[in-house]
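Student: Please take a close look with me at one part of this structure, and explain each term when it first comes up. I would like to see how that part is connected with what lies around it.

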Amino acid sequence: MTEPTTEANRPNHIVWDWNGTLLHDIDAVITATNASFAELGFAPITLETYRDLYVVPVPKFYERLMGRLPTDEEWVVMDEAFHRHYWAAAAAGAALAEGARELLHEWQRGGLTQSLLSLAPHEKLVPLVQAHGIDRHFLRVDGRIGPSHTSKAGHLVRHLAALDGTGVTAGRTVLIGDAVDDALAAAHVGARAVLYTGGSHSRSSLESAGVPVVDTLAEAVRTARELAE
C-alpha cells in the first residue's frame, strides 16, 4: 500500500540522473555502442533493440546480446571501447534535454532542492555539468568513483548520506531517471521515482518498475510536484 502523503513525507528534493535524463545523449550512446561492437566483431544494433535489452549492471546487457556474461578480460575491452567512443560522440553533440535548464531553475526558485547523481565517471561528469552552466542548481553532484559494472542503489545511499544536514531525507526525495535501475535504487532507500522515456529503456521496460513513466522532463517534474500535493 502506498503511504499517504503528509507534510512529513511530502517530496521537496529531486535527485536527477544525468545520462539519458538531463543530458540527451542517447544518440551518442548508440554511436558508441555500435562503434565498440564493430571493434569486437558484433553486429550493430538499433535504438529500439538497445532500449529493449539494456539493463544495469551493464555486463548483464552484454549477456543479453551475447547469450553469456563476458569474461573479465572481455569486459575490460568492451568497457574501454564503449567509453572511448562515447566521450568522443558526447563531446561532439550531446546537449541538455529539452527544457532541462528552465525546469532546474523553476524547481530551485520554488524554494525546493535538487542534486545530481550519475554512474558516469565523477572526473568527467563534474566538468561537463559545469560546462553546461547548471552546477549552481544542485546541492551536490556525484559521479561514479570506482568500477563501472555497478548498480545505483549503493551509490544513492552514499549520495543521500553526504546530503545529511541539508534537510534532504529519502522519504521526501523523488529520483528522476531513465532506467529501471533508478526506480530500484529509489525503492532501496525509501524514496520515490519517476522514469523518463527519453533515455536507455523502452516504455514497456520502464513500466515494469511500477512507478510513474513520462515522455518529457516537464511531465517528470509535474509528477514530482503532484506527489507533493
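Tutor: Let us begin with the largest cavity, which is lined by 34 residues, and of these N19, Y54, V58, F82 and L119 lie nearest its centre. A cavity here is a set of points on a 1 Å grid over the protein atoms alone where a 1.4 Å probe fits but cannot get out, and a lining residue has an atom within 4 Å of a point. Keep in mind that this is a predicted model, in which local features need pLDDT of at least 70 and side-chain atom pairs count only at pLDDT 80 or more, while totals for chains, interfaces and linings use all residues. Residues are numbered from 1 along each chain as its sequence is written, and side-chain values use heavy atoms, with hydrogens and water left out.

The structure holds 1 cavity of 30 Å³ or more, and about 620 Å³ of space lies in the largest cavity, a volume being the space filled by probe spheres set on points joined across faces, edges and corners. Its lining draws at least two residues from each of α1 (26–40), α3 (58–66), α4 (72–93), β4 (113–121) and α8. The elements are DSSP runs numbered from the N terminus, helices (H or I) having at least four residues and strands (E) at least two. Among the contributors, α4 gives the largest share of this lining, 7 residues. Sorted by class, the lining has 17 nonpolar, 9 polar and 8 charged residues, where Ala, Val, Leu, Ile, Met, Phe, Trp, Tyr, Cys and Pro count as nonpolar, Asp, Glu, Lys and Arg as charged, and the others, Gly among them, as polar.

One of those lining elements, β4, leads us into the sheet. This is an open sheet of 6 strands with parallel pairing, in the order β5-β4-β1-β6-β7-β8; two strands pair if DSSP finds at least two bridges between them. Because β5 (141–144) and β8 (213–214) stand at the edges with a single partner strand each, one side of each has no neighbour in the sheet. Further in, β4 pairs with β1 in the parallel sense over 4 bridges, and here L116 of β4 is the bridge partner of W16. Strand β1 (residues 13–16) is also joined to β6 by 4 bridges, again in parallel, with V15 opposite L175 of β6.

Strand β6 (residues 173–177) is mostly covered, since 5 of its 5 residues are buried, which means under 20% relative accessible area with a 1.4 Å probe and protein chains only. The cover reaches both faces of β6, for T173, L175 and G177 are buried on one side, and V174 and I176 on the other. Another 4 bridges run from β6 to the parallel strand β7 (residues 192–196), where R192 stands opposite V174.

That same R192 brings us to the largest pocket, because R192 is, with A191, A193, G210 and V211, among the residues nearest its centre, out of 13 that line it. The elements giving two or more residues to this lining are α8 and β7, and α8 supplies the largest share, 4 residues. Helix α8 (residues 180–189) therefore appears in both linings, as it also gives at least two residues to the largest cavity. The pocket has a volume of about 220 Å³, and its lining has 10 nonpolar, 2 polar and 1 charged residues. Unlike a cavity, a pocket is an open set of points, with protein on both sides within 12 Å along at least five of seven lines.

Note on methods. Buried < 20%, exposed > 50% of the residue type's maximum accessible area, 1.4 Å probe, protein only. Right-handed = clockwise from strand over helix to strand, strands pointing away.
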